[in-house]
Amino acid sequence: MRVEAEQLEAKGVAAQQIVQTQLDAYNSKDVVAWLATYADDAAQYSLEGEIIARDKAQMAANMVSRFAEPDLHATLLSRHSYDNVVIDHERVTRNFPEGPGTIEMLCIYLIEQGLIARASFKLFNKRLTPL
């Protein structure tokens, strides 16, 4: 039983490492490094099930425009891992069409073979920065 617990803990640490690499690439606005954390057949969804990107080409297109935002930065508020699932709570500074601000995200990553196989996101608490 102890060996199994240690294996699960090691799997959780490895899962957290790839998610941290992805977050670091996001904050560096490095689309190549960011995409390298995702499996070739990875997909992204809203938590409600809407497809955000069904493949890496769509992810790249989405992120090129996102990375063009001058104030873009994600701050990790909390992280939990359970086996091969990592759950992040982040506050993201963005340049929205209506002005600069922040939004919180719940990010759920499924890790398979050392890469992100699926990511689901819930956005909430959008706030514009007062001018």
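## Two loops with positive phi

Start with Q113, which sits in the loop between β5 and β6. In this predicted model, Q113 takes a positive phi of about 50 degrees, even though it isn't a glycine. Its relative accessibility comes out at 84%, so Q113 counts as exposed, the cut-off being over 50%.

K29 is another non-glycine residue with a positive phi, this one about 60 degrees. You'll find K29 in the loop between α1 and α2. At 28% relative accessibility, K29 is classed as partly exposed.

## The nonpolar core

Now for the inside. The largest nonpolar core has 29 residues, and Y26, W34, Y38, Y109 and I111 have the most contacts within it. At least two residues apiece come from α1 (2-28), α2 (31-35), β1 (38-46), α3 (56-67), β4 (85-96), β5 (99-112) and β6 (115-128). Helix α1 chips in the most, with six residues. As background, nonpolar side chains in soluble globular proteins tend to be buried together.

W34 is worth a click in the viewer. Setting aside neighbours within four places in sequence, W34 is in contact with Q22, A25, Y26, Q44, M59, M63 and F67.

## V19 on helix α1

V19 is part of helix α1. With a relative accessible area of 0%, V19 is buried, since the cut-off is under 20%. Its contacts, again leaving out neighbours within four places in sequence, are R79, V86, D88, Y109 and I111. Two of these names, Y109 and I111, also turn up in the list of core residues with the most contacts.

One of those partners makes a nice long-range pair: V19 and R79 are 60 residues apart along the chain, yet their C-alpha atoms are separated by 9.8 Å.

## The largest pocket

The largest pocket has a volume of about 460 Å³. Its lining takes in 23 residues, with I52, R66, M105, F121 and L123 lying nearest the centre. By type, the lining splits into 14 nonpolar, four polar and five charged residues.

As for who builds it, α1, β1, α3, β4, β5 and β6 each supply at least two lining residues. Strand β5 has the largest share, at four residues.

## How far to trust it

The chain averages a pLDDT of 92, and 91% of the residues score at least 70. Residues 2-6 are another story: pLDDT stays under 50 there, and the model gives that stretch zero contacts beyond four places in sequence. Where pLDDT is low, the predicted coordinates shouldn't be read in detail.

Terms used. Residues numbered from 1 in each chain as written. Predicted model: local features only at pLDDT ≥ 70, side-chain atom pairs only at ≥ 80, totals over all residues. Heavy atoms only, no water. Core = buried A, V, L, I, M, F, W, Y, C linked by side-chain atoms within 4.5 Å. Buried < 20%, exposed > 50% of the residue type's maximum accessible area, 1.4 Å probe, protein only. Contact = heavy atoms within 4.5 Å. 1 Å grid on protein atoms, 1.4 Å probe; cavity = no way out; pocket = protein on both sides within 12 Å on 5 of 7 lines; lining within 4 Å. Points joined across faces, edges and corners; volume = space filled by probe spheres on them. Nonpolar A, V, L, I, M, F, W, Y, C, P; charged D, E, K, R; others polar. pLDDT = per-residue confidence, 0-100.
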